[in-house]
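Student: Before I trust any label attached to a model, I like to see the value set beside the rule that produced it. Could we go through this one in that way?

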Amino acid sequence: MLRRSLRIHPEDSVMCVLEDAHKGDTVETPEGEKIVLLEDIEFGHKVAIKDLKKGEPVIKYGEEIGYMLTDAPKGTWIHMHNMGCDRGKI
């Protein structure tokens, strides 16, 4: 099933799903690329729209919001379990 999603900036490496989505569903980038979800993703959470490597920045809204703790192929749910962030840390 094609699920609604949103990408704000052309440099983004993730999109947000706009409804609960399930493994095997697809999201579509503004360029028309269909990406198959590799796992369930809840409303408002991020999905990788390109292969991301450990240590690589995660880009959302054209800004770096964190970095990958593990490799993640496109279609992977991106959240606290596989993305780190140093913002606000002293």
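Tutor: Let us begin with Glu 31, which is exposed, with a relative accessible area of 57%. This is a predicted model, in which local features need pLDDT of at least 70 and side-chain atom pairs count only at pLDDT 80 or more, while totals for chains, interfaces and linings use all residues. Residues are numbered from 1 along each chain as its sequence is written, and side-chain values use heavy atoms, with hydrogens and water left out.

Student: Why is Glu 31 called exposed?

Tutor: The classes are buried for under 20% relative accessible area, exposed for over 50%, and partly exposed in between, with a 1.4 Å probe and protein chains only. Glu 31 has 57%, so it is exposed. Its partner Arg 7, at 14%, falls under the 20% limit and is therefore buried.

Student: What makes Arg 7 and Glu 31 a salt bridge?

Tutor: The term requires a side-chain nitrogen of Lys or Arg within 4 Å of a carboxyl oxygen of Asp or Glu. The closest N and O atoms of Arg 7 and Glu 31 are 2.6 Å apart, so the pair qualifies. This pair links distant parts of the chain, with Arg 7 in the loop between β1 and β2 and Glu 31 in the loop between β3 and β4 (34-36), 24 residues apart; strands here are DSSP runs of E, at least two residues long, numbered from the N terminus.

Student: How do you know that Glu 19 forms a salt bridge with Arg 3, and what makes Arg 4 a partner of Glu 19?

Tutor: For Arg 3 and Glu 19 the closest N and O atoms are 3.3 Å apart, which lies within the 4 Å limit. For Arg 4 and Glu 19 the corresponding value is 3.5 Å, so this pair also meets the criterion. Arg 4 lies in the segment before β1 and Glu 19 in the loop between β2 and β3, so the pair ties together parts that are 15 residues apart in sequence. Arg 3, Arg 4, Glu 19 and Asp 25 are linked in a network of salt bridges, and a search of the whole structure finds 6 salt bridges.

Student: Which accessibility class does each of these four residues belong to?

Tutor: Arg 3, at 15%, and Asp 25, at 8%, count as buried. Glu 19, at 22%, counts as partly exposed, whereas Arg 4, at 51%, counts as exposed.

Student: What makes the approach of Asp 25 to Arg 3 a polar contact?

Tutor: A polar contact is a pair of N or O atoms within 3.5 Å; within protein, one must be able to donate a hydrogen and the other to accept it, and residues adjacent in sequence count only if both atoms are side-chain atoms. The side chains of Asp 25 and Arg 3 are joined at 2.7 Å, so the distance satisfies that limit. The side chain of Asp 25, a residue in the loop between β2 and β3, also reaches the backbone nitrogen of His 22 at 2.8 Å.

Student: How do you know that strands β6 and β7 pair?

Tutor: Two strands pair if DSSP finds at least two bridges between them. Strand β6 (residues 57-60) is joined to strand β7 (residues 63-68) by 4 bridges, so the two pair, and they run antiparallel. Lys 60 stands opposite Glu 63 in β7, and the strands form a hairpin with 2 residues between them, where Tyr 61 in the turn has a positive phi of about 60 degrees.
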